[in-house]
Amino acid sequence: MKHLIDPMDLTVEEIDKLLDLADDIIANREKYSKKCEGKKLATLFFEPSTRTRLSFEAAMMELGGNVLGFSSSDSSSAAKGESVADTVKVVSCYADIIAMRHPKEGAPCLAAMKADAPIINAGDGGHNHPTQTLTDLLTIRREKGRLDNLTIGCCGDLKFGRTVHSLIKAMSRYANIHFIMISPQELEIPDYLVEEVFSDGKLNYEQVRTIDEVIDRLDVLYMTRVQRERFFNEADYIRLKDTYILDTKKLKKAKPDLSILHPLPRVNEISVEVDDDPRACYFRQALNGKYVRMALILKLLEEAGK
Ligand code: CP
């Protein structure tokens, strides 16, 4: 059974095919409207979500399928102490495919070992968020026309931000990608990721502290919020939360074809005045998330013979 737990579970060729399928879905919505008739997606969200859960559910509905699930651990038997393993074993009896978010890193991986249905990691702690990465890749490809030869600035909470971790891993396989990490020292990318992605020397990155010093070089600026829920200490969160605020003044030096992405939710890190700038892609990005999840559901169900 094929699951999607880590962005590296997919080869570059598989990713490119998924993005092609998402493009085709966008261009031919009606063609796909009955592809999942009679099929069910379960969304098991042990942690809050707006975009990921609702875009998965909208995706399955637009494919003609049905959805069931829960949106917090409090409203499931996890609140009574049921294990993740037992939960997914049982839900496999009710659904053909499962999208799962959990605050503990590795929980979807454990679920994949126990479930009798394909498991999609919809975010595990500060670790990975592979379907956000598919969303980001589709957005970059649609906005820039390519996934190679790009200078990408990742800004904000690079320590706890799982979307950045997954994006860096996935993009590291495309040619001539240059990363510029923009973060305070306390929120730099974790050592394990540096080891995993950059240690062989094929790919390098710069680490800087301000947006201003690099904004004119960027093709893509990937903003992230400071992840309050992953901090051990509220005082540290308050000290760091407004380190970066992108506004129209900062964008004056940026390239005319810069693409500004953000996985959302946004807190303060992008001023709302930026929303009217054509370079702001984050709401188009949220929409792309639905289409790429439609493509993923189709692919995993097909591979599972369902
Ligand atoms: N981007 C993202 O994962 O958003 P949600 O937390 O709202 O799902």
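# Strands, a helix and ring pairs

Author: Leu 150, Ile 152 and Cys 154 point to one side of strand 5, Thr 151, Gly 153 and Cys 155 to the other, and all are buried. The model is a predicted one.

Reader: What makes strand 5 largely enclosed by the rest of the structure?

Author: Buried means under 20% relative accessible area. Six of the six residues of strand 5 (residues 150-155) are buried, so the strand is largely enclosed by the rest of the structure.

Reader: How do you know that strand 5 pairs with strand 6 and with strand 8?

Author: Two strands pair if there are at least two bridges between them. Strand 5 has six bridges to strand 6 (residues 177-182), and the two run parallel. To strand 8 there are four bridges, again in the parallel sense. On the strand 6 side, Cys 154 has Met 181 as its bridge partner; on the strand 8 side, Gly 153 stands opposite Leu 221.

Reader: Which strands are called edge strands in this sheet, and why?

Author: The sheet is open, with five strands in the order 7-6-5-8-9 and parallel pairing. Strand 7 (205-208) and strand 9 (259-261) are its edge strands: each pairs on one side only. Neighbouring strands here are turned by 20° against each other on average, direction ignored. Strand 9 is joined to strand 8 (residues 220-223) by three bridges, and one partnership across them is Tyr 222 with Leu 261.

Reader: What links strand 5 to strand 6 in the β-α-β unit?

Author: Helix 6 (residues 162-171) does; with strand 5 and strand 6 it makes a right-handed β-α-β unit.

Reader: How is the other sheet ordered?

Author: Four strands form an open sheet in the order 2-1-3-4, with parallel pairing. Strand 2 and strand 4 are the edge strands, as each pairs on one side only. The twist averages 15° from one strand to the next. Helix 10 packs on this sheet and touches strand 1, strand 3 and strand 4; its direction makes about 125° with that of strand 3. Strand 1 and strand 2 are joined by five bridges, with Thr 43 partnered by Gly 69 of strand 2.

Reader: How do you know that the length of helix 2 agrees with what is expected?

Author: At 1.5 Å a residue, the twelve residues of helix 2 (residues 51-62) should span 16 Å, and the end C-alpha atoms are 16 Å apart, so the two agree. Buried residues of this helix include Phe 56 and Met 60. Their cover includes strand 1 (40-45), strand 3 (97-102) and helix 5 (130-144). Just after the helix, Gly 64 takes a positive phi of about 85°.

Reader: Why is the pair of Phe 46 and Phe 70 called edge-to-face?

Author: Rings pair if their centres lie within 6.5 Å, and planes over 60 degrees apart count as edge-to-face. Phe 46 and Phe 70 are 5.2 Å centre to centre with 80° between the planes, and the pair is edge-to-face. Phe 46 lies in the loop between strand 1 and helix 2 and Phe 70 in strand 2, so the pair ties together parts 24 residues apart in sequence.

Reader: What makes Phe 179 and Phe 198 an edge-to-face pair?

Author: Their rings are 6.2 Å centre to centre, with 90° between the planes. Phe 179 lies in strand 6 and Phe 198 in helix 7 (residues 191-198), so this pair ties together parts 19 residues apart in sequence. Phe 179 counts as buried because its relative accessibility is 0%. Phe 198 counts as buried because its relative accessibility is 8%. Phe 179, Phe 198 and Tyr 205 form one aromatic cluster.

Methods: Residues numbered from 1 in each chain as written. Predicted model: local features only at pLDDT ≥ 70, side-chain atom pairs only at ≥ 80, totals over all residues. Heavy atoms only, no water. Axes fitted to C-alpha atoms, helices over the stretch in contact; angles between N-to-C directions. Expected span 1.5 Å × (residues − 1). Buried < 20%, exposed > 50% of the residue type's maximum accessible area, 1.4 Å probe, protein only. Contact = heavy atoms within 4.5 Å. Right-handed = clockwise from strand over helix to strand, strands pointing away. Phe/Tyr/Trp six-rings, centres within 6.5 Å; stacked < 30°, edge-to-face > 60°.
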